[in-house]
Every structure is written in C-alpha cells, then in structure tokens.
Amino acid sequence: HMQWPISPLVALGLTGLSLAAGAMMAVHLRQSGLPPDEVRRDELIVFATSLVAILGTQIIVTLLKGDSSPGLVYLSLGPIVAQAMLTSALLGPNIAVIGVTVVSLLLGMSGALAPDTVMAAWIAGVVGSHAVNPIKQRSDLLRAIGVQTIAHVILVAAVSISVSKPLLEIGWGIMWASVAALVATSVFWLGLAVLERLFGLVSDWSLLELCSPEHPLLRDLTLRAPGTYAHSVAVANLAENAARLVGANPVLVRTMAYFHDIGKTLRPSYFVENQTGDNPHDNMTPALSAQVIRAHVGDGVELARKKRMPKIIVDAIQQHHGTDLMRFFYNKALASGKTVLASQFCYPGPLPKEREVAIVSLADS
C-alpha cells in the first residue's frame, strides 16, 4: 500500500496511466460500430461506473486499513463486480469486460489492492458481466447471485492457496467474498434503476415489466380492441423468432410488437380485426378512411408519451408503418375516377431506424 500523502511524481504517473486507460477505453468504444450519439452515452456510463467502482474500492480499503481481520480485504470485490454487472446489463458483456479490466489494473497499480486481490477482482468481474446476461425474470437474478457466490468462493480459495495463506484466513476470505457477491448484486439492482432513468436506457428486465398484461395501455387494448391485442401478440411471436435468428434483441422486439398498435384503442371499430358486423368505412370517402386509419400512429405515440414509455418504444410506434401506401383505399379512390394524390394515402413516417423496428414492421405486414 502506498503511504499518503503520495509524492507529486507518483500522483502524476498514476494520473497519466488513468488518462491513458480512459483514452484506450474510448477508442475501443468508438471501434464498436455504434452511432456517435450512442458511443458518447456509452462512454459516459462506462466512465461513471468505473469512477464509482474505484471510489467504492478505495473507501473500503481505507476503512479497512489497520484492521487485521483475516480475509476482510475481499469485501473490496463488491464495487468492482457491481460495476461489471451494471455495464453488462446496459451495454453488453464486451464493453463490461473492458471496463472491469481497466478498473482492476488501475486499483492494482495504485497499490489499493494487492496483486492476488486484483486477479480475484478481475475474474469475479468478468464472471459478473456474463452472469447477468440475460436477466429476464426473478429466477435469473437468483441464478446470477448463485453463480457469483460460487465463483467468489472458488476464486478466493485458489488465490489464497497460490499465495500460501493459512487455512483460517482462507475460510474467512471465502465468507467475506460471499458477502461481497450479495452486496454487488444489491448495488447492481439499485444502480440499474438509477442509470436507466439518467440515460434513458432500457434493460431487458424493464422491458419485461412493460409486457405485463397489467400495464394500463395493454389492459385498455384488451378490453376495447381485443382483435388488435390478438394481432399484436401474433406479431410479437413472429418478430421475436426472427430477432433471435438475426441476433437482434428478442425482448425489445416483443415489447415493441405489443405496443405498436395501441393507437387503435381510441377508434377500434374502424379496424378490420375488431369488426363484428358493419364496416364504418362503407359510408366514408376513401380519403377520410385513410385519415382515420393513419391517425392510429399519432394516437399511439401520444398515449405512449403520456404513460412515459421509453423513447425506443415510442419510436417503434411512430415508425412501424414507415411511409407505406394504404393501397386498399388508394385503389378505391382511383376507381372513383377522381384525381388522387398518393401522398394523401401514405403514412407520415419516418422509416424504421432500428433493426428491431424493421423486424416488427415486416411481421406486422
């Protein structure tokens, strides 16, 4: 451990190393092929979580200084593993592994953690980043805690044996490492909720909560437009399988499909899947029919925004028809012999911008 206050030269060296590590992390993110605005957001998340992990570890190490309880140092695995789990749940394991590598190396270099603890922390972090992917239901969270705890036990035992620690210390180390696993999962759980709000992101867990039949928008859809609800579930099943095959996010696709037609709740009888007898379009001009049909997109966007749905779901509602032509009503208008503008019978767009929206759009058609 370094003696504080550290010399200005050492501080300068550590600052240089930290900046170099940060720069390499930024370069790695830029090479990931993501759009520039997403790269900036991801950078912020990685740097924020890394900073908190380093601070958390430093605080634990400082509090434990002078405490000679055996194995207590393994509590410091908590913040590092929490960081790995958080970045993985939000940005995927590839980025999480880079983040945890940089944090472990910097903590080792600064003397905050001994080399054996750095090794344990790094492997535990990598395990954590894969243990939370995917987390789709409560049992997955329990599985993540289980995997994490078992990994900590094996790691601490292996690391302690490799540096010839006495048996009693190994036993205590294993216990404190298990506590660290529980702490890390709790911090991950709280941090996920905070970061999702801050950066407008959605994890698979949040998406699954939205898919609950108890969601007010879905409940309304079931009651007022049962045909549309059945159609949305069919689109979801089709789109989810397609997403899985092309490596898109199946949970995101399912959520988009459930909500893509919620705008039909306002005027359900104008849509064929909800009609039982008369068709109101029989007594309307084709242009008016097209206007009513087109309105379900705008209505859906408005309903979703009122309920504070994630932006990505609102975008899916807005883009799921792209700039399609309502061919049936367009042909009906042409048949009447009047001059017809095709633009009157097109959806306002824009075209799908994410592949998940494109998949829903194809399944819908």
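Buried means under 20% relative accessible area and exposed over 50%, with partly exposed in between. The exercises below apply this to a predicted model.

**Exercise 1. Decide whether E169, K165 and D116 are each buried or partly exposed, and work out how salt bridges link them.**

Solution. Begin with E169, whose relative accessible area is 24%, so that E169 falls in the partly exposed class. K165 has 21% relative accessibility and therefore also counts as partly exposed. D116, by contrast, has a relative accessible area of 15%, which means that D116 is buried.

Next, look at the pairs, remembering that a salt bridge needs a side-chain nitrogen of Lys or Arg within 4 Å of a carboxyl oxygen of Asp or Glu. The side chains of D116 and K165 satisfy this at 3.2 Å, N to O. Because D116 belongs to helix α5 (residues 115–131) while K165 sits in the loop between α6 (138–162) and α7 (167–199), this pair ties together parts that are 49 residues apart in sequence. K165 also meets E169 in a salt bridge, with 3.9 Å from N to O.

Finally, put the two pairs together: K165 takes part in a bridge with D116 and in another with E169, and the three residues are linked in a network of salt bridges.

**Exercise 2. How many salt bridges does a search of the whole structure find, and are K264 and D261, which form one of them, buried or exposed?**

Solution. The search of the whole structure finds eleven salt bridges. In the one between K264 and D261, the closest N and O atoms are 3.2 Å apart. The cut-off for buried is under 20%, and K264, with a relative accessible area of 8%, is buried. D261 is buried as well, its relative accessible area being 1%.

**Exercise 3. Check what span helix α10 should have, and find which helices its buried residues pack against.**

Solution. Helix α10 runs over residues 226–246 and has 21 residues. The expected span is 1.5 Å times one less than the number of residues, so α10 should span 30 Å, and this agrees with its end C-alpha atoms, which are 30 Å apart.

Now consider which residues of α10 are hidden: G227, T228, S232, V235, A236, A239, E240 and A243 are buried. The buried residues of this helix pack against α9 (216–224), α11 (250–259) and α15 (355–364). Y229, which also lies in α10, is partly exposed at 22% relative accessibility. Leaving out residues up to four places away in sequence, Y229 touches L221 and T222. After the helix comes G247, whose phi is positive, near 80°.

**Exercise 4. Describe the surroundings of S129 in helix α5.**

Solution. Start with accessibility: S129 has a relative accessible area of 0% and is buried. Then look for polar partners, and note that a polar atom of the S129 side chain lies 2.7 Å from the backbone oxygen of V126. Last, setting aside neighbours within four places in sequence, S129 is in contact with A84, S88, P93, A96 and V97.

**Exercise 5. Work out why α15 can be called largely enclosed by the rest of the structure, and compare what covers α15 with what packs against α13.**

Solution. Because seven of the ten residues of α15 are buried, this helix is largely enclosed by the rest of the structure. The buried ones are E356, V357, I359, V360, S361, A363 and D364, and what covers them includes α10, α11 and α13. Turning to α13, the buried residues there are I313, V314, D315, A316, I317 and Q319, and the buried residues of α13 pack against α8, α11, α12 (286–306) and α15. The helix α11 therefore appears in both descriptions, as a cover for α15 and as a packing partner of α13.

**Exercise 6. What is the volume of the largest pocket, and which residues are closest to its centre?**

Solution. The largest pocket holds about 1,500 Å³ of space. It is lined by 43 residues, and those closest to its centre are E38, R41, L90, N249 and L252. The elements that give two or more residues to this lining are α2 (36–64), α3 (77–91), α4 (93–109), α7, α8 (204–210), α13 (311–319) and α15.

Key: Residues are numbered from 1 along each chain as its sequence is written. This is a predicted model: local features need pLDDT of at least 70, side-chain atom pairs count only at pLDDT 80 or more; totals for chains, interfaces and linings use all residues. Side-chain values use heavy atoms; hydrogens and water are left out. Helices (H or I, at least four residues) and strands (E, at least two) are DSSP runs, numbered from the N terminus. Buried means under 20% relative accessible area, exposed over 50%, partly exposed in between (1.4 Å probe, protein chains only). Contact means heavy atoms within 4.5 Å. A polar contact is a pair of N or O atoms within 3.5 Å; within protein, one must be able to donate a hydrogen and the other to accept it, and residues adjacent in sequence count only if both atoms are side-chain atoms. On a 1 Å grid over the protein atoms alone, a cavity is a set of points where a 1.4 Å probe fits but cannot get out, and a pocket is an open set with protein on both sides within 12 Å along at least five of seven lines; lining residues have an atom within 4 Å of a point. Grid points are joined across faces, edges and corners, and a volume is the space filled by probe spheres set on the points.
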